[in-house]
Amino acid sequence: MIFIKWLLISFTLVVIASIIAGQLGMFKGKPPTDLGVQDGKLKPPSLTPNSVSSQAVLYPDHPQLDYAKIEPFPLMGDASTTLARIRSIVESMPGAEIITSNEHYLYVQFTTRILKFVDDAEFWFDPAAKVIQVRSASRIGRSDLGVNRKRVETIRAQLGAS
């Protein structure tokens, strides 16, 4: 019984320490310096299962190709209108901060409420494919537990409903 008591106390202390570390920004990671469009492509998916990319197929030998693959967004009118709609959807999402926004590109940082993990999401009008390409990735950690995919699919559903 004493062992269980100490186990619970230890677990509680770890949880509290984790929350404090998150609130102090220890889990936010460093902002990537290589985001944006380079040679008609967004950055490749992460090497660990914590990102999604509509351009993952451009990297056929990528170790996370199957995990990272996601469909681009169709245009809803023209590119600037579609990106404006995406921006409007994103602005209403918890923890979203618009970093860069113009008629062809949108970069958003999503921060979780308690532990302050940061994910970077990019939306770019691809004039050759006539779609909005998307990439969303966690800055740190091995797995995102599907959070980036769920977020992108939530945006897709709201875009289709608007």
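**Exercise 1.** In this predicted model, work out what span helix α3 (residues 79–91) should have, and check it against its end C-alpha atoms.

*Solution.*
Step 1: Count the residues: α3 has 13.
Step 2: Take 1.5 Å a residue, using one less than the number of residues; that rise gives an expected span of 18 Å.
Step 3: Now look at the model: the end C-alpha atoms of α3 are 18 Å apart, so the two values agree.

**Exercise 2.** Find out which residues of α3 are buried and what they pack against.

*Solution.*
Step 1: List the buried ones: Ala79, Thr82, Leu83, Ile86, Ile89 and Val90.
Step 2: Look down the axis of α3: these residues cover an arc of only 115°, so they sit on the same side of the helix.
Step 3: See what they pack against: the strands β2 (73–74), β3 (96–101), β4 (105–111), β5 (118–126) and β6 (131–138), plus helix α4 (147–161).

**Exercise 3.** Place Gln55 in the chain, decide whether it is buried or exposed, and track down its partners.

*Solution.*
Step 1: Gln55 belongs to the loop that links β1 (51–53) and α2 (65–68).
Step 2: Buried means under 20% relative accessible area. Gln55 has 4% relative accessibility, so it counts as buried.
Step 3: Skip the neighbours within four places in sequence, and Gln55 touches Gly40, Lys41, Leu42, Trp124, Asp126 and Gln133.
Step 4: Zoom in on two of these partners. The Gln55 side chain reaches the backbone nitrogen of Leu42 at 2.7 Å and the backbone oxygen of Gly40 at 3.4 Å.

Definitions and conventions:
Residues numbered from 1 in each chain as written. Predicted model: local features only at pLDDT ≥ 70, side-chain atom pairs only at ≥ 80, totals over all residues. Heavy atoms only, no water. Helix = DSSP H or I, 4+ residues; strand = E, 2+ residues; numbered from the N terminus. Buried < 20%, exposed > 50% of the residue type's maximum accessible area, 1.4 Å probe, protein only. Arc of directions from axis to C-beta. Contact = heavy atoms within 4.5 Å. Polar contact = N/O pair within 3.5 Å; in protein donor to acceptor, adjacent residues only side chain to side chain.
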